[in-house]
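Please find below some notes on the model, set out as numbered points. They cover salt bridges, one helix packing site and one strand pairing.

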Amino acid sequence: MADILDFSLVLTNRAGAPDVPPPAYCFLPFYIDQDYGWRSQWSSFDNLGQYEDWKPAVIMFHSGIRPNAYFEINAALNVEKQAKSALENERNIVQGALSRIQERRKHAAIDIDHHAYQKAIKELLQELSGLQERRTTITEKLSNLSNQRTLLDDQLNITRTALGEFDRDYRFILDQRSSTIRCPTCGTDHDNSFFHRFSLLEDREACRKFIADAVTQLDRLSRDISRQQEALKKADFRLSKINLLMAQKRGKLKLKDVIDAEGEKKAYILMRGEIDSLTSKIDKIRRRIEDLEARLKPFLDKERQEFIEKFYFMKIAKFLQDLNVTTVSVKSVERIDCKIKATGSNRPRALLAYIYAFLHTLFEFSSSCACPIIIDSPKQEDLDDKNAEAAFRLIFGEQPKDSQLILGTVSLHDVPHAGDTITLSHKDRLLQADEYESVFTYMRPLIDLI
């Protein structure tokens, strides 16, 4: 879908990975929903919170301040920076361990008689190797099982809390008799319909099922942990026997000292090699970051941004005046990422001024796909006839050049327009059965592209 729409915006998801967002982010400037679209900007689509702080990037993209290529390069840059940070953290850990080994070797230098201890070392190392592998395996299993149990326990607590909230919400809406319920926290009106009550019941049952399954899983995890702890005790018992052997002395030197010295020497060599390898990888990533930053620099043109924002500002200042908006100062909407703050009938008119100013900016400067403009029910908040007429004159008279406009309304307030008028004859139905074949024939090639 992104390829069809030539939509190359790239956002970083909450897992830190780059994503081309869903089509809703492409259609955001072009669609004004009859309910939420007239409450605030960029609100006509639901469920946009999968990306943190997405609005600035969307505004920069659609306004043309930042083109497609900027977001593609910036996403790649973020990935490289994360990889570099992870490698640097790993190198710091290894460097810390290496420093401790170096300090110990300074104070515990040993002149080892390899011939005297060669046979004893060989036998001991063979036994130690098997024991260490066994113990490492057990501790890894214990760690994984403990992490699973902790995560599941947290999820269980969250679900129990959510179930309690669902129960309270359901009891609350059962006591309500009106068709809408106002949220006591944010003041938003919600439908008090059978569908919403049934959805709440489904959520409650889903919570109960999860709790039952989670309790069963916790019991299984606890039994697995007990078995691994018992295995670890056996491994530690074997280790204590090895320690007795290591305490045997040969002259003035313990066998344990010999093995410790040899082990530290090998560890030093391995860690030094690991640090060199990590440094090499970090240097390669650093060079890629420098290259990406150089490629990104031409898109950070401050003069272009100021020119585009000035174009937008001139448009919104004119449109606010044309729509008789008196409660919104021109200074408050100077930035293209401003937030419209208006109440009553001034709010939908101020939003219309912003939407059209942004659309003019988009069609003038953006390299992204130009979609049809869809405006649903622009007459909001009991708009009087004079201001309603001004709104429709702006919608038709200031429609961006070469754009397609689809307007849903119950009245045009006698404002003339050059487009076609479609009068819907069936309630709650847009499509007509007798036109199905012709519409399907037209749409089929487009559907096949998806």
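1. R272 and D276 form a salt bridge in this predicted model, with 3.4 Å between the closest N and O atoms. Both residues belong to helix α7 (residues 255–296), and because they are 4 residues apart, about one helical turn separates them. R272 is partly exposed at 31% relative accessible area, and D276 is also partly exposed, at 44%. Elsewhere, R220, D224 and R227 are joined into one network by salt bridges that share partners.

2. A salt bridge also links the side chains of R223 and D219, with an N to O distance of 2.2 Å. The pair sits in helix α6, 4 residues apart, so about one turn of the helix lies between R223 and D219. The relative accessible area of R223 is 42%, which makes R223 partly exposed. D219 counts as partly exposed too, at 42% relative accessibility.

3. K209 pairs with D213 in a further salt bridge, the closest N and O atoms lying 3.1 Å apart. Helix α6 (residues 194–246) holds both K209 and D213, and their spacing of 4 residues is about one turn of the helix. K209 is exposed because its relative accessibility of 54% is over the 50% cut-off. D213, at 35%, is partly exposed. The total number of salt bridges in the model is 14.

4. Is L152 buried or exposed? L152 lies in helix α5 (residues 114–174) and has a relative accessible area of 7%; that is under 20%, so L152 counts as buried. Leaving aside residues up to four places away in sequence, L152 touches F210, A214, Q217, L218 and L221. For one of these, A214, the separation from L152 is 62 residues in sequence, while the C-alpha to C-alpha distance between L152 and A214 is 6.7 Å.

5. Which way do strands β8 and β9 run relative to each other, parallel or antiparallel? Strand β8 (residues 373–376) and strand β9 (residues 405–408) run parallel and are joined by 4 bridges. One specific partnership is that of I374 with I406, the latter in β9. Together with helix α10 (residues 385–397), β8 and β9 make up a β-α-β unit, and this unit is right-handed.

Key. Residues numbered from 1 in each chain as written. Predicted model: local features only at pLDDT ≥ 70, side-chain atom pairs only at ≥ 80, totals over all residues. Heavy atoms only, no water. Helix = DSSP H or I, 4+ residues; strand = E, 2+ residues; numbered from the N terminus. Buried < 20%, exposed > 50% of the residue type's maximum accessible area, 1.4 Å probe, protein only. Contact = heavy atoms within 4.5 Å. Pairing = 2+ DSSP bridges. Right-handed = clockwise from strand over helix to strand, strands pointing away. Salt bridge = Lys/Arg side-chain N within 4 Å of Asp/Glu carboxyl O.
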